[in-house]
Amino acid sequence: MIDLKIGMEYCEWFDITKEMVIQFTKLTGDKNPIHLDEQYAEGTRFKKCIAPGMLICGLLSKIIGMDFPGNGSVYFEQDTKFLAPVYIGSRIRILCIVDSIDMVKSNVILRNVVESENGEILIKGVSKVKVL
């Protein structure tokens, strides 16, 4: 297992662009107008288009598989709470913190926090990862 320690952190910033959302909706078929139609979104409680939650979870998957713990990691469980919308055009920070390590099973539990630029917590969760 790579040299992880409880409390270790990794964070990365992402700009959430309309192009990302368009690509995601084409790939998944999730064409909910809240993600794509500004006029529709104006009539909702969000007032603007929001990014699909699973797009943000996909960015978390990129971190786990490529950066932290990184290559050789298999993401096998996720518990996610969507607390506030991620607006298209916003900049977010995804933070992963090692909460526990099971050396026998090579499992790591990561706490995840997605924040806006002003520090508002938008999404939080827990990832379970096997490190090969």
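Guide: Let's start with a definition: two strands pair if DSSP finds at least two bridges between them. The model above is a predicted one, and we can read its hairpins with that rule in hand.

Visitor: Which residue in the turn of the β4 and β5 hairpin has a positive phi?

Guide: That is Gly119, with a phi of about 90°. Four residues separate β4 and β5 in this hairpin, and the two strands pair in the antiparallel sense over nine bridges. Strand β5 covers residues 121-131.

Visitor: How many bridges join β3 and β4?

Guide: There are ten, again in the antiparallel sense. β3 and β4 also form a hairpin with four residues between them. One position to look at is Val98, which stands opposite Leu110 in β4.

Visitor: Which residue of that turn has a positive phi?

Guide: Ser106, at about 60°. Ser106 is a residue other than glycine, and it sits in the loop between β3 (91-102) and β4. Another case to look up is Lys47, whose phi is about 70° although it is not a glycine. Lys47 belongs to the loop between α3 (38-42) and α4, and it counts as exposed at 52% relative accessibility.

Visitor: Why is β4 described as largely enclosed by the rest of the structure?

Guide: Because eight of its ten residues are buried. As a general idea for reading strands, side chains in a regular strand alternate between the two faces of the sheet.

Visitor: Asn112 is in β4. Is Asn112 buried or exposed?

Guide: Asn112 is buried, since its relative accessible area is 3% and the cut-off for buried is under 20%. The strand that holds it runs over residues 107-116.

Visitor: With which side chain does the side chain of Asn112 make a polar contact?

Guide: With that of Gln78, at 2.9 Å. Asn112 also stands opposite Gly125 in β5. Leaving aside residues up to four places away in sequence, it touches several others, including Leu60, Leu95, Cys96 and Ile123.

Visitor: Since Cys96 has come up, how should I read the cysteines, and how many disulfides are there?

Guide: In general, a disulfide is a covalent bond between the sulfur atoms of two cysteines. To count one here, the two sulfurs must be within 2.5 Å. By this rule the count is zero. Cys11 is in no disulfide, and the nearest cysteine sulfur to its own, that of Cys96, is 9.2 Å away.

Visitor: Why does Cys96 not form a bond with Cys11?

Guide: Because their sulfurs are 9.2 Å apart, which is too far for a bond. As for their surroundings, Cys96 is buried, with a relative accessible area of 0%, whereas Cys11 counts as partly exposed at 36%.

Visitor: Let's turn to the peptide bonds. Which residues does a cis peptide bond join?

Guide: Phe68 and Pro69, with omega at about 0°. You will find Pro69 in the loop between α4 (53-67) and β2 (73-82).

Visitor: One last stop is Asn32. Where is it?

Guide: Asn32 is in the loop between α1 (18-28) and α2 (33-36), and it counts as partly exposed at 33% relative accessibility. Its side chain reaches the backbone nitrogen of Ile34 at 3.0 Å.

Visitor: And how far apart in space are Asn32 and Pro52?

Guide: They are 8.9 Å apart, C-alpha to C-alpha, with 20 residues of separation in sequence.

How values were computed: Residues numbered from 1 in each chain as written. Predicted model: local features only at pLDDT ≥ 70, side-chain atom pairs only at ≥ 80, totals over all residues. Heavy atoms only, no water. Buried < 20%, exposed > 50% of the residue type's maximum accessible area, 1.4 Å probe, protein only. Polar contact = N/O pair within 3.5 Å; in protein donor to acceptor, adjacent residues only side chain to side chain. Contact = heavy atoms within 4.5 Å.
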